[in-house]
Amino acid sequence: MTKAKVVFASITGNNEDVADIVSEALENKGVEVDTEEISQCDASDFEDVDICIVTPYTYDEGALPDEGMDFFEDLQELDLTDKVFGVAGSGDTFYGEYYCVAVDQFEEAFKQTGATKGAASVKINLAPDTAEDLASLEKFVDALIASAAKKKQ
């Protein structure tokens with residue numbers, strides 16, 4: 001059975017909602033999922049799964065979540081060459097050039113691990129509550145599952 005780990009960082013609850021939507025979609029497609037808040041887990045937990053997902057928020061002018069800094073740094077030290085990753089996060093377009101930059105930074109961190117990008121990153125403005133948001137997250141999940149299945153062949 002394919003296994004996934006979804007790690008989220010959230011202040012307002014929006015990214016926890018993104019994580020919950022992604023986790024539920026994965027479970028509905030037969031994937032075993034573990035979902036955890038970023039300060040409650042270790043980056044090395046990704047070594048035990050097939051699909052690695054982070055849903056971070058961007059703080060202030062492009063800052064990563066404070067509670068996720070150790071996780072972020074530890075992630076870059078891992079060898080995840082046989083894993084598939086995806087990053088999806090919520091932000092606020094009000095911040096212009098800083099909108100969802102944590103999504104981009106986590107994507108770059110995953111690339112340093114040798115993991116395969118399994119889906120285009122998803123950036124959602126505020127709460128994931130529109131039909132478009134839900135469709136984007138569903139497509140994200142489908143792409144991750146397809147990439148993981150391809151890796152296992």
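**Helix α1, the largest pocket and the aromatic pairs**

In α1, the buried residues (under 20% relative accessible area, 1.4 Å probe, protein chains only) are N14, N15, V18, A19, V22, S23, A25 and L26. This is a predicted model, where local features need pLDDT of at least 70 and side-chain atom pairs count only at pLDDT 80 or more, while totals for chains, interfaces and linings use all residues. Numbering runs from 1 along each chain as its sequence is written, and side-chain values use heavy atoms, with hydrogens and water left out.

**Helix α1**
- Among the elements covering the buried residues of α1 are β1 (3-8), β2 (32-37) and α4 (131-152).
- Right after α1 comes G30, with a positive phi near 85 degrees.

**Aromatic pairs**
- You'll find five aromatic pairs here (ring centres within 6.5 Å; planes under 30 degrees apart are stacked, over 60 edge-to-face, the rest tilted).
- F72 and F106 pair edge-to-face, at 5.0 Å centre to centre and 80 degrees between the planes.
- That pair links distant parts of the chain, with F72 in helix α2 (residues 69-75) and F106 in helix α3 (residues 101-113), 34 residues apart.
- F72 is buried at 12% relative accessible area, and F106 is buried at 1%.
- F85 and F110 have ring centres 4.7 Å apart and planes at 10 degrees, so they count as stacked.
- F85 sits in strand β4 and F110 in helix α3, 25 residues apart.
- Both F85 and F110 are buried.
- Ring pairs join F46, F71, F85 and F110 into a cluster.

Key:
Buried means under 20% relative accessible area, exposed over 50%, partly exposed in between (1.4 Å probe, protein chains only). Helices (H or I, at least four residues) and strands (E, at least two) are DSSP runs, numbered from the N terminus. Contact means heavy atoms within 4.5 Å. Rings of Phe, Tyr and Trp (its six-membered ring) pair if their centres lie within 6.5 Å; planes under 30 degrees apart count as stacked, over 60 as edge-to-face and the rest as tilted.
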